[in-house]
Amino acid sequence: MTASTNASRFDAAPRGVRSSFEYVEGWGMAVGAHGRVFRPRTVDELRAVFASARRDGVTLGLRGSGCSYGDASVNERGHVLDVRGMNRIMAWDPATGVAECEPGVTIEQLWKTILPDGWWPRVVSGTMFPTLAGAAAMNIHGKNNYAVGPIGDAIRAFDLVTPSGELLTCDRERNADLFHAAIGGFGMLGAFARIVLATKRVHSGDLEVRALRVPGLAEAMEAMDARTGSADYLVAWLDAFADGAALGRGLIHAARYLEPGEDPDPARTLAVARQELPPNIFGVPKSEAWRALRLLNHDAGMRALNAAKYAVSALEVERGAYRQSHAAFAFLLDYVPNWKWAYGRRAGHGLIQYQVFVPKETAYRVLRAVLEESQRARIVPYLAVLKRHRPDPFWLTHAVDGWSLALDFKVTPETKEALWRHCSALTERVLDGGGKFYFAKDLVLAPEHARRMFPAKELAAFGALKRRLDPDNLLSTNLARRVFDGFA
Amino acid sequence: MTTATAPRPPETPARAATPGKRALVVGASSGIGAALAKRLVAEGWQVAAVARRAELLDLLAAECAKLPRAGGGGLVTAVHDVARAHEVPELFERLARELGGLDLVVYAAAVMPKVAKDEYDTEKDLEQLAVNVGGCIAWGNAAARLFQSQRFGTLVGISSIAGERGRKGAPVYGTTKAAMNTYLEALRNRLSECGVHVCTIKPGFVDTDMTKGMGKLLWLISADEAARLILKAARARANERFVPRQWWIVATVIKNIPSFLFKKLNV
């Protein structure tokens with residue numbers, strides 16, 4: 001007996017390019033599919049993959065480290081091109097702080113290269129594993145978005161291989177339209193082949209951090225707004241289970257770079273070894289720590305964990321200002337490896353992050369409603385993080401002059417229908433308040449939402465550019481089909 | 001509210017992303033590999049049988065067609081020479097797609113040419129290396145990539161008792177099996193974190209073409225009995241398993257003979 005096969009259309013692989021057959025999923029594990037993954041090592045190999053996919057009439061989804069929570073780098077109807085095979089730092093100038101990198105260079109590689117020379121990436125995510133190509137394609141932001149913008153604002157120039165195989169150099173003068181569209185263009189216009197970015201001069205491997213406890217959402221927003229001038233980083237964790245008068249209670253972390261002279265021995269603190277995250281957590285090897293979180297991964301456990309964190313935070317506030325390494329402050333998501341497995345390891349179990357961006361004028365009202373409605377629906381996020389943002393010039397940016405609230409919702413095959421209905425209701429609230437969403441975090445939006453959140457002019461221009469550079473729709477992902485109807 | 005037009009959650013997990021009964025056996029044309037393929041089909045598995053000799057694969061397919069089909073088992077075959085490692089990624093993908101996913105990969109391909117006492121034939125030795133080790137690494141890597149990414153699956157490598165010590169009779173055969181043991185152990189240690197299991201099987205003497213003409217052999221078992229014990233070990237998630245188990249005693253003794261004595265022995 002021979003099983004029926006759709007394998008024939010997948011047969012011709014470009015010679016010499018490494019490929020394998022894998023399960024490719026979003027970081028949150030709620031979506032994924034088996035498929036072929038190409039790992040080119042050079043621009044020529046990358047072009048060969050484009051050419052062979054075009055010949056076979058198969059779409060390609062571009063993927064970096066796969067850190068987007070949703071379906072941004074999943075392509076269940078075609079192949080996937082993983083750029084991590086191209087991962088050299090081509091040039092690094094410790095005098096100017098400008099780095100020229102291949103697309104698969106990760107944030108980890110970058111900071112470990114530049115920190116000993118007294119530099120730090122201007123923008124980093126909560127994890128150090130994303131590639132620069134992925135970071136640029138999603139236009140990631142950090143805890144300093146209100147001050148320095150997204151990573152696109154730190155990028156000086158890039159080379160983009162378009163679907164036709166052409167290599168275009170883009171910056172704010174040359175191909176300026178493409179520069180502002182491809183950053184945040186979620187891999188629809190071409191593959192980054194080289195990224196040049198500026199970094200930030202630092203005078204110590206440490207930051208000065210101060211924790212501040214807030215009894216509610218209004219106080220959190222007020223306290224953060226009061227510090228945007230003095231703090232270089234601001235982030236608040238909120239206890240999403242707290243209700244009534246305690247709604248939005250949480251803990252703010254404000255950090256600032258040290259001035260020259262404040263660190264008596266910068267050479268010591270700038271060393272990479274000193275930045276490393278702790279290998280054990282309460283004596284448990286890090287690699288097994290997710291199992292402890294697994295035991296708490298239900299509403300009652302997470303309610304208790306959030307409440308305990310709020311209670312314990314009083315101790316941290318008492319410490320006053322303290323110093324913490326850049327890596328330890330920035331990469332909270334890397335403390336417990338594979339912590340997402342606490343949400344279950346079988347395919348289809350996992351989490352979505354639902355991050356809403358709301359202009360400051362409506363933010364308090366909308367964010368309050370988001371928290372309250374989640375509690376009312378008994379679909380409470382296990383983690384909630386509040387950040388301050390500023391606008392930027394990229395066409396499909398998620399940024400607003402306002403606030404974002406990132407919510408981790410648990411997904412199971414049984415609960416996902418109700419969760420999607422809930423998010424849909426929240427999305428209406430957010431869009432009514434002039435809000436936006438971020439594709440690195442999204443798995444719930446539909447085309448109508450894209451039409452409402454982006455200015456019509458930008459959306460039309462992006463579609464026109466896509467059709468010009470990629471008339472055959474070679475580059476596609478689940479995200480592109482879900483939110484943009486595949487640019488059909 | 002616009003619940004009527006609300007976007008739908010993704011339709012995962014697909015069947016391929018959930019555990020089932022789909023196996024790939026490399027080196028399935030004869031011996032232990034063929035016996036494993038037959039047993040799996042009889043137990044209701046979808047099996048892809050890979051081997052170099054097409055006529056033997058046809059024979060295997062004919063035999064499997066005669067098996068009772070209560071459990072809905074089936075066999076697909078593919079002709080492939082494991083020494084051609086560059087062909088593996090595409091063939092692996094094609095077969096995994098045909099089976100609709102993959103839960104078990106068995107690497108059972110091996111050659112053991114007769115080696116004379118004073119023979120040092122590099123070409124012959126490297127050929128063994130390509131089949132016994134190169135092929136194992138090529139198929140093992142493909143399986144590891146898939147299993148790690150989907151967080152389930154079992155890889156079984158048919159090694160040998162011969163990998164325990166370097167013996168006079170078969171210097172390179174023993175070397176290939178020792179290499180396989182180390183490789184499989186490393187994969188096991190890598191993949192255990194994500195729930196994937198790697199099982200190293202060390203058979204003693206099994207009644208196959210490989211042992212033909214060797215005379216009377218200690219604890220000789222049939223290929224089908226070996227296959228039964230191997231599947232039992234894989235289900236028990238054994239790390240290393242001698243087949244049959246009493247070879248463990250021999251291995252322990254042999255491993256502990258000091259070299260000054262071992263080199264005088266004719267084992």
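Me: Helices (H or I, at least four residues) and strands (E, at least two) are DSSP runs, numbered from the N terminus. With these terms applied to this predicted model, where does Asn175(A) lie?

Reply: Asn175(A) belongs to the loop between strand β9 (167–171) and helix α5 (176–182) of chain A. Its phi is near 50°, which is a positive value in a residue other than glycine.

Me: Why is Asn175(A) called partly exposed?

Reply: The relative accessible area of Asn175(A) is 33%. Buried requires under 20% and exposed requires over 50%, so a value in between is partly exposed. Trp219(B) is placed by the same reasoning, because its relative accessibility is 32%. Trp219(B) also has a positive phi, of about 50°, although it is not a glycine, and its place is the loop between β7 (206–207) and β8 (221–222) of chain B.

Me: What makes the pair of Tyr354(A) and Phe409(A) tilted?

Reply: An aromatic pair is described by the distance of the centres and the angle of the planes. The structure holds 28 such pairs over all chains. For Tyr354(A) and Phe409(A) the centres are 6.5 Å apart and the planes stand at 55°. The centres must lie within 6.5 Å, and planes neither under 30 degrees nor over 60 apart are tilted; the pair therefore meets both conditions. Tyr354(A) lies in strand β17 (residues 350–359) and Phe409(A) in strand β19 (residues 402–411) of chain A, so the pair ties together parts that are 55 residues apart in sequence. Both Tyr354(A) and Phe409(A) are buried.

Me: Why is the pair of Phe484(A) and Phe487(A) called stacked?

Reply: The angle between the planes is 10° and the distance from centre to centre is 5.1 Å. Because 10° is under 30 degrees and 5.1 Å is within 6.5 Å, the pair is stacked. Phe484(A) and Phe487(A) are both buried. Ring pairs also link them into a cluster with Phe186(A), Phe439(A), Phe454(A) and Phe462(A).

Me: How do you know that Arg268(A) and Asp265(A) form a salt bridge?

Reply: Their closest N and O atoms are 4.0 Å apart. The rule asks for a side-chain nitrogen of Lys or Arg within 4 Å of a carboxyl oxygen of Asp or Glu, so this pair qualifies at the cut-off. Arg268(A) is partly exposed at 49% relative accessibility, and Asp265(A) is partly exposed at 35%. Lys466(A) and Asp470(A) form another salt bridge, at 2.7 Å, and both of these residues are buried.

Me: What separates Arg368(A) and Glu372(A) along their helix?

Reply: Being 4 residues apart in helix α12 (residues 360–376) of chain A, they are separated by about one helical turn. Their side chains meet in a salt bridge of 3.2 Å, N to O.

Me: How many salt bridges are counted between chain A and chain B?

Reply: The count is 4. One of the salt bridges of the structure joins Glu22(A) to Arg145(B) at 3.8 Å, N to O. Because 3.8 Å is within 4 Å, the pair meets the rule. A network of salt bridges links Glu22(A) and Arg145(B) with Arg39(A), Asp82(A) and Arg84(A).

Me: How many residues of each chain are in contact?

Reply: The contact involves 42 residues of chain A and 33 residues of chain B. The two chains bury about 3,600 Å² between them, 55% of it on carbon and sulfur atoms.

Definitions and conventions: Residues are numbered from 1 along each chain as its sequence is written. Chains are lettered from A and ligands numbered from 1 in the order in which they are written. This is a predicted model: local features need pLDDT of at least 70, side-chain atom pairs count only at pLDDT 80 or more; totals for chains, interfaces and linings use all residues. Side-chain values use heavy atoms; hydrogens and water are left out. Contact means heavy atoms within 4.5 Å. Buried area is the accessible area (1.4 Å probe) that two parts lose on being put together, summed over both. Rings of Phe, Tyr and Trp (its six-membered ring) pair if their centres lie within 6.5 Å; planes under 30 degrees apart count as stacked, over 60 as edge-to-face and the rest as tilted. Buried means under 20% relative accessible area, exposed over 50%, partly exposed in between (1.4 Å probe, protein chains only).
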